[in-house]
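Visitor: I'm new to this structure, and I'd rather get to know a single part well than rush through everything. Could you pick one and take me through it slowly, along with whatever it meets?

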Amino acid sequence: MAKNREFGNRRLHSLLGVIPIGLFLIFHLSVNFMATKGAETFNGAVHLIEYTPVLILVEWVVIYLPLIFHAVYGIYIAFTAKNNLGKFSYFRNWMFMLQRLTGILTLIFLVWHIWQTRIQRAFGETVDFDMMAEVFSNPFMIGFYIVGIVSAIFHFANGLWSFAVSWGLTVSPKSQRVMTYVTLIIFVLLSYIGISAVFAFV
């Protein structure tokens, strides 16, 4: 019974990492990328989201509750996983270790990012181009955001590979190898989008 429950929790953890969290990550990066087209375009995209009906309900159901479960159970996985880098230094073992490491880094980044934007908005601050430009006037914050964004993207892209395996989508070694290249392309493209958005505010 305990094994069945753990199996179900891991499958749910994997699924939530892709749907809806992964999809929201892509959406959020796309909105931020609007900053490369100027302040007016970015502000228009942000304000359009703010006027979404029942926004708070959507945020909790689609983002916060799935994210809380994924993060809490992810911490459990990270601290109970057995890394074998010293014994088996091959590619997938490194990906296994980096998945856990980027999960922790992403969680730290997300807590700060939510505080700096969503919570501040609840206190009456305006989340717009000027707010983010002020954040990135500090060189440390530029580095912090780049590390956080790249960690989140790696965690998502590499998590897609694990998702495909655990859900039986890639069974053969060849299909898993192809999926490795697919997720690498996704990582590079999303990283370009995320980092470009950061420097658009600078």
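Guide: Let's start with how a bend is judged: at a given residue, it is the angle between two axes, one fitted to the seven residues ending there and the other to the seven starting there. What you see is a predicted model, in which local features need pLDDT of at least 70 and side-chain atom pairs count only at pLDDT 80 or more, while totals for chains, interfaces and linings use all residues. Numbering runs from 1 along each chain as its sequence is written, and side-chain values use heavy atoms, with hydrogens and water left out.

The part I've picked is helix α4, residues 55–80. Helices here are DSSP runs (H or I, at least four residues; strands are E, at least two), numbered from the N terminus. There is a kink of about 35 degrees in α4, and Val 61 sits at its centre. What about the helix's overall reach? A helix is expected to span 1.5 Å times one less than its number of residues. With 26 residues, α4 should therefore cover 38 Å, and its end C-alpha atoms lie 36 Å apart, which agrees.

Now for what is tucked away and what isn't. A residue is called buried under 20% relative accessible area, exposed over 50%, and partly exposed in between (1.4 Å probe, protein chains only). Plenty of names on α4 fall in the buried group, including Leu 55, Ile 63, Tyr 64, Pro 66 and Leu 67. Further along the helix, His 70, Ala 71, Tyr 73, Gly 74, Ile 77 and Ala 78 are buried too. Thr 80, also in α4, is another story: with a relative accessible area of 40%, Thr 80 is partly exposed. From Thr 80 to Ser 151 it is 71 residues in sequence and 20 Å in space, C-alpha to C-alpha.

One buried residue of α4 deserves a longer stop, and that's Glu 59. Glu 59 has a relative accessibility of 10%, so it counts as buried. The side chain of Glu 59 meets that of Arg 118 in a salt bridge, 3.0 Å from N to O. Arg 118 belongs to helix α5 while Glu 59 belongs to α4, so this pair ties together parts that are 59 residues apart in sequence. To count as a salt bridge, a side-chain nitrogen of Lys or Arg has to be within 4 Å of a carboxyl oxygen of Asp or Glu.

And the story doesn't stop with that pair. Glu 59 and Arg 118 are linked with Glu 50 and Arg 121 in a network of salt bridges. Within this group, Arg 121 forms a salt bridge with Glu 50, and their closest N and O atoms are 3.8 Å apart. Here the two residues sit in helix α5 (residues 91–122) for Arg 121 and helix α3 (residues 39–50) for Glu 50, so parts 71 residues apart in sequence are tied together. Both of these residues are partly exposed: Arg 121 has 23% relative accessibility, and Glu 50 has a relative accessible area of 27%.

Searching the whole structure turns up four salt bridges. One of them lies away from α4, between Glu 6 and Arg 10, with the closest N and O atoms 3.3 Å apart. These two are four residues apart in helix α1 (residues 2–18), so about one helical turn separates them. Glu 6 counts as partly exposed at 31% relative accessibility, and Arg 10 is partly exposed as well, at 34%.

Helix α1 also gives us a way back to our chosen helix. Asn 9 is found in α1 and is partly exposed, with a relative accessible area of 24%. Its C-alpha is 13 Å from that of Ile 75, although the two positions lie 66 residues apart along the chain.

Before you go, follow the chain on from α1. Ile 19 and Pro 20 are joined by a cis peptide bond, with omega at about 10 degrees, and Pro 20 lies in the loop between α1 and α2. Helix α2 itself (residues 21–33) has 13 residues and reaches 18 Å from its first C-alpha to its last, close to the 18 Å expected. Among the buried residues of α2 are Ile 21, Leu 25 and Leu 29.
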